[in-house]
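Open the structure in your viewer and keep the sequence panel beside it. The stops below say what to select and what to look for.

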Amino acid sequence: MTKKKMIISQETMDVDFVRKVEALAGTSVRSCFQCGKCSAGCPMATFMEHPPNRIMRLLQLGQWQRVLAGRSIWYCVSCETCTTRCPNTVDLASIMDALRKLSWDSDGASKESYVQLANKLFLQNIRTYGRQYEMRLAAVFNVKSGQFLKDLMLGPKLIAKGKLKVFHSKNKNMSEIEKIFTRIEEMRKKGVAL
Amino acid sequence: MSRIGVFICHCGENISRTVDVERVAEEVGRLPGVAFSTDYKYMCSDPGQTLVKKAIQEQKLSHVVVAACSPRMHEKTFRKAVEAAGLNPFLCEMANIREHCSWVHENREEATVKAIDIVGMMVERVKKNRILPTITVPVTKRALVIGGGIAGIQAALDIADCGHEVILVEREPSIGGHMAQLSETFPTLDCSQCIMTPKMVDVANHPKIKLYTYSEIELVEGYIGNFQVTIKKKARSVDEDKCTGCGVCMTKCPQKKIPNKFDQNIGMRTAIYVPFPQAVPNTPVIDRDNCTWFKTGKCGVCQKVCGPGAIDFEQQDTLIVEAVGAIVVSTGFDLYTIAEKPKGSPIKGYGEFGHGKIPDVIDGMTFERLASASGPTGGKILRPSDGKEPKQIVFIQCVGSRAREKGISYCSKVCCMYTAKHTMLYHHKVHDGQAYVFFMDARTPGKSYDEFWRRSIEEEEAVYIRGMVSRLYQKGDKIVVMGNDISVGVQVEIEADMVVLATAIQPQKGADALAQKLGISYDKYHFYSEAHAKLRPVECATAGIYLAGACQGPKDIPETVSQASAAAAKVMTLFSRDQMEREPIVARVREAGCVGCFACKKVCAYGAVEEKEIRDRQGNLIKIVAYVNPGVCAGCGTCQATCPSKSVELDGYTDEQIIAMIEAL
């Protein structure tokens, strides 16, 4: 990430973007007082160019381009350790969700295809079967991402331990599942859901 | 023959860990004159003291030596215990075998031998101790308060409300001090004037308070309970009794362009002026340096328009002597000079911030005057350079404070809070503006303080940037602020319309000179020193002088008011008795040997040495000798060391005693 000097003014601080993040995440960005506890406990912080606390700091200064230009938000695994431990009740995990959505919508440079692909396939599976069908998820992911042999040797081990089912079992109440998906889609169209 | 009792304390393990206390007790017990010696785990505890008392009665002891900690710790404790058992308290001495022995040694054998020596010396010394009677001195129940800021006002009101007379001396033409200059106060944002002026009026109207404004302390003589203070009342050129405070003189004065110090020199005043509309007393002063009459001998407009004829160009400075029993010093603070290194001071300036060169770089107090409804802009935040409203304003904290390189290493304590307040005041007055704050740490201990600071960020939208500013420079009509956000780790640049520097708090100029007049001590920054940082925070080491407010160290208003009331309580404790008792460790002059050279008088830091005439029965003067006033003497012993004829002795520390101690080694 660039170490370029920040020119701070009312024009360069995009407060509207921050407000959007706050509205989507339902939490305050300004509340963060930079204690660093989120980054201290984050299991993915070592992979991020901006650890969670710095993401908050950049948001406070309205520097969202710097946040979205990096991959940090896509490394977040939503474990919510940050949210659980924040001393000042900032829901950082929700902010990460909001940032990922805004990044996706803005078609930003940080569209990390594998993460997005995995998310998409995960949800497609749920929609089709009503529950997760891991075998299909892994197979389709490998095909679509072009890494045909990825983690292939793990398969037999997981099957032997009963962790991976060869055949799917479908939910009995598929119409209810479909209702959930359509409702969320409508909400997203209205902009009231992530 | 003396019957000395020696009591060796283990101090838990503090002493017994390195000193074989039982052996000390045994060996000391064999010394000539020692009738009884024992050891105990905690001599200062209730059973320990009972042990001492019982031994005095049962063993008919004549003197007591307690071998334990420093006399600074427990001398009083044991002297009290000895007194309770019927002995004169000054026949008890402490042998310090903790700080001087066990704490500083590791070898048990050597430490034990040293402890035996220390105790042996004190045994020889205590044999020569005299019975000393307690000294009583009368108390004048009037108090002097120096400085009429919020500290002085609070202390004066508290003492006066208790029924004692108070003399309040203020250097400026009005009381009120710095608090009167403030716009709003943290953490409640109530208007400073609104809470201040009623107290100022109370002072003016209080029957027990005598107010001397535009006056300074010239000389302080005497001692606790009996001070004589000479006050210089500077010529006001206006007769206070005749003046009605109508203000016509000020409207007619042709000199209208004099920078008003009260408005931090951004507002103007006339040559005859009151510093601010709510001034107490509301009597103007003629500034003789800027008055046309005093410069050229012409004009005199004020005199012509004054109905009651109060203008008096001939008025002179007058000296007034007041007798008081206690003094409260509340001279307050001054702000750090930012731009250049003040002459003769070890403290450096901040050339890199351009204060004084860039007109829109101001200090916090100037911002207070801009934000104040009674200030030069009527409460509008406007730039000094062109009168425009600044849309981007930068505040920089710790300017001077915590900057060892500049000569100040302390934290000024109030800047974090007042800067948070400034961002709020700015946000309330300039809705489309943005405030930025560069800070190192936010130090906000205090009731509702941290919440206040967080509010400035979370609700009032101030942007705080952690990191110090390197430099400020003018670019067109903007000021470029070069900083660094250490949370992100990148350089930050802001083009600001105005910059406010939270400058360090320093003691009032001339604080050292006043301290020398009062005989009180001060630190390297000239803040006055309290007697004990924790347990005697409002008293000076010099008896009868008390401290209140920022003259002792940076303080906010609540803390200043608390300290002022505490100082007042100490004064009232002193005034609760007609006579006061003093420890009789004082110097005595052997008149037969004194030749009247008065070398002792020259070295006495407390002014305790007086001249005394010796006359025969016919009244013929034989000689003049030195006399030490026991009420004033602090028992420092300097006179004893100085006297060329060895005619001064400090009770409890006589030459005879010291020699006996050396011989015991």
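The tour goes through each chain, then the contact, then a sheet and some backbone details. Keep in mind that this is a predicted model.

**Stop 1: chain A.** Select chain A, which has 11 helices and one strand. Going along the sequence, the strand comes at the start of the pattern, β-α-α-α-α-α-α-α-α-α-α-α. The C-alpha trace of chain A spans about 60 × 35 × 30 Å along its principal axes. Of the 194 residues in chain A, 25% are buried. If you take contacts in chain A between residues at least 6 apart in sequence, 64% of them link residues at least 24 apart.

**Stop 2: chain B.** Now select chain B, with 17 helices and 34 strands. Its C-alpha atoms fill a box of roughly 90 × 75 × 40 Å along the principal axes. Of its 665 residues, 46% count as buried. Among contacts in chain B between residues at least 6 apart in sequence, the part that joins residues at least 24 apart is 70%.

Colour chain B by domain. The domain assignment gives domain 1 (4–127), domain 2 (135–233 + 318–332 + 508–578), domain 3 (235–316), domain 4 (335–506) and domain 5 (587–663). The C-alpha centres of domain 1 and domain 3 of chain B are 70 Å apart.

**Stop 3: where the chains touch.** Show both chains together. How many residues does the contact take from chain B and from chain A? The contact takes 16 residues from chain B and 16 residues from chain A. On the side of chain B that touches chain A, at least two residues each come from strand 22 (434–439), helix 12 (449–458), strand 23 (463–466) and strand 26 (490–496). Strand 26 of chain B gives the largest share of that side, six residues. By type, the residues on this side of chain B are seven nonpolar, four polar and five charged.

Next, select strand 1 (residues 6–8) of chain A together with strand 26 of chain B. These strands run parallel and are joined by three bridges. To find the place, label I7(A), which stands opposite E493(B) in strand 26 of chain B.

**Stop 4: an open sheet in chain B.** Three strands of chain B form an open sheet in the order 11-12-17, with antiparallel pairing. Strand 11 (215–223) and strand 17 (318–324) of chain B are at the edges with a single partner strand each, so one side of each has no neighbour in the sheet. Neighbouring strands of this sheet are turned by 20° against each other on average, direction ignored. Between strand 12 (residues 226–233) and strand 17 of chain B there are seven bridges, and the two strands run antiparallel. Label F227(B) to see one pairing: its bridge partner in strand 17 of chain B is V324(B).

**Stop 5: backbone details.** Most residues other than glycine have a negative phi, and most peptide bonds are trans. Here are some exceptions in chain B.

- Select F186(B) and P187(B): the peptide bond between them is cis, with omega near -5°. P187(B) sits in the loop between strand 8 (184–185) and strand 9 (190–191) of chain B.
- L189(B) is in the loop between strand 8 and strand 9 of chain B, and its phi is positive, near 60°. L189(B) is partly exposed, because 13 other C-beta atoms lie within 10 Å.
- V280(B) and P281(B) are joined by a cis peptide bond with omega about 0°. Look for P281(B) in the loop between strand 15 (272–273) and strand 16 (285–286) of chain B.
- C11(B) is not a glycine, but has a positive phi of about 50°. C11(B) belongs to the loop between strand 1 (4–9) and helix 1 (21–29) of chain B. C11(B) counts as buried because it has 23 C-beta neighbours inside 10 Å.

Conventions: Residues are numbered from 1 along each chain as its sequence is written. Chains are lettered from A and ligands numbered from 1 in the order in which they are written. This is a predicted model: local features need pLDDT of at least 70, side-chain atom pairs count only at pLDDT 80 or more; totals for chains, interfaces and linings use all residues. Two residues are in contact if their C-beta atoms, placed from the backbone, lie within 7 Å. Helices (H or I, at least four residues) and strands (E, at least two) are DSSP runs, numbered from the N terminus. Ala, Val, Leu, Ile, Met, Phe, Trp, Tyr, Cys and Pro count as nonpolar, Asp, Glu, Lys and Arg as charged, and the others, Gly among them, as polar. Two strands pair if DSSP finds at least two bridges between them. Domain bounds come from an automatic or database domain assignment. A residue is buried if 20 or more other C-beta atoms lie within 10 Å of its own, exposed if 12 or fewer, and partly exposed in between; C-beta atoms are placed from the backbone. Axes are lines fitted to C-alpha atoms, for helices over the stretch in contact, and angles run from 0 to 180 degrees between N-to-C directions.
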